[in-house]
Amino acid sequence: MTTLAGGAGYQDGTLAAARFLTPKGLACAADGTLYVADRDNAVLRKITPAGEVSTLLGTKGLLGFTPMGSPSAIGKPERLALQGNVLYVTLWNGVMKVTLP
């Protein structure tokens with residue numbers, strides 16, 4: 001068993017540099033991209049097959065629900081389900097549908 005990515009905190013970057021705070025949900029796309037519900041950072045993260053971690057949606061620590069706002073807020077994402085290019089996310093107060101490019 002090995003750690004794929006992360007340590008405690010919040011940081012985008014390479015697998016070794018990335019930091020998460022209570023990752024709760026994981027979904028894998030057909031191309032190998034992983035999507036992570038980083039609950040206590042209040043963001044959705046993406047891990048590419050090349051090993052780059054980035055924030056897909058949300059703003060670190062910002063609660064509420066304004067996914068299209070600037071800054072965006074998505075509450076505390078918990079679980080993920082992926083169907084084609086649609087990612088379903090359970091939040092502390094609802095279910096969000098994200099259409100991926």
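This report walks through the fold of one chain, from its overall build down to a few loop residues.

## The chain as a whole

What you have in front of you is a predicted model, so read everything below as a description of that prediction. The secondary structure is simple to summarise: zero helices and eight strands. Going from the N terminus, the run of elements is just β-β-β-β-β-β-β-β.

How does the radius of gyration fit a compact globule? A globule of 101 residues would come out near 13 Å, and the chain has 13 Å, so the two agree. If you prefer a box, the C-alpha trace spans about 35 × 30 × 25 Å along its principal axes.

As for the inside and the outside, buried residues account for 37% of the 101 residues. The chain exposes about 5500 Å², and 57% of that comes from carbon and sulfur atoms. Taking contacts between residues at least 6 apart in sequence, 33% of them join residues at least 24 apart.

## The five-stranded sheet

Five of the strands make an open sheet with antiparallel pairing, in the order β1-β5-β4-β3-β2. Which strands stand at the edges? Those are β1 and β2; each has a single partner strand, so one side of each is left without a neighbour in the sheet.

Now for the pairings themselves. β1 and β5 run antiparallel and are joined by two bridges; on that side, T14 has E52 in β5 as its bridge partner. β5 also runs antiparallel to β4, here with five bridges, and R45 stands opposite T55 in β5. β4 and β5 form a hairpin with four residues between them. In that turn sits G51, which has a positive phi of about 95°.

## The three-stranded sheet

The other sheet to look at is open too, with three strands in the order β6-β7-β8 and antiparallel pairing. Its edge strands are β6 (80–83) and β8 (94–99), and each of them pairs on one side only. From one strand to the next, the twist averages 20°.

Inside this sheet, β7 covers residues 86–91 and pairs with β8 in the antiparallel sense over six bridges. One pair to pick out on screen is L91, whose bridge partner in β8 is G94.

## Two loop residues with positive phi

Most residues other than glycine have a negative phi. Two residues in the loops are worth a look with that in mind. T22 is not a glycine, yet its phi is positive at about 65°. You'll find T22 in the loop between β1 (13–14) and β2 (23–28). A42 is another residue other than glycine with a positive phi, near 65°, and its loop is the one between β3 (34–38) and β4 (43–47).

Are these two buried or exposed? T22 has a relative accessible area of 27%, so it falls in the partly exposed class. A42 has 1% relative accessibility and therefore counts as buried, the cut-off for buried being under 20%.

## S72 and its surroundings

S72 belongs to the loop between β5 (52–58) and β6. Although S72 is a loop residue, it counts as buried because its relative accessibility is 11%.

What does S72 touch? Leaving out neighbours within four places in sequence, S72 is in contact with L57, G58, T59, L62, T66 and P67. G58 deserves a closer look: its backbone nitrogen lies 3.0 Å from a polar atom of the S72 side chain.

## A30, out in the open

Our last stop is A30, placed in the loop between β2 and β3. With 91% relative accessibility, A30 counts as exposed, since the cut-off for that class is over 50%.

How far apart are the C-alpha atoms of A30 and T99? The separation is 15 Å, for two residues that are 69 residues apart along the chain. T99 should be easy to find, as β8 covers 94–99.

Methods: Residues are numbered from 1 along each chain as its sequence is written. This is a predicted model: local features need pLDDT of at least 70, side-chain atom pairs count only at pLDDT 80 or more; totals for chains, interfaces and linings use all residues. Side-chain values use heavy atoms; hydrogens and water are left out. Two strands pair if DSSP finds at least two bridges between them. Axes are lines fitted to C-alpha atoms, for helices over the stretch in contact, and angles run from 0 to 180 degrees between N-to-C directions. The radius of gyration is taken over C-alpha atoms; the globule rule is 2.2 Å times the number of residues to the power 0.38. Buried means under 20% relative accessible area, exposed over 50%, partly exposed in between (1.4 Å probe, protein chains only). Contact means heavy atoms within 4.5 Å. Accessible areas come from the Shrake-Rupley method with a 1.4 Å probe; for residues, only the protein chains shown count as cover. A polar contact is a pair of N or O atoms within 3.5 Å; within protein, one must be able to donate a hydrogen and the other to accept it, and residues adjacent in sequence count only if both atoms are side-chain atoms.
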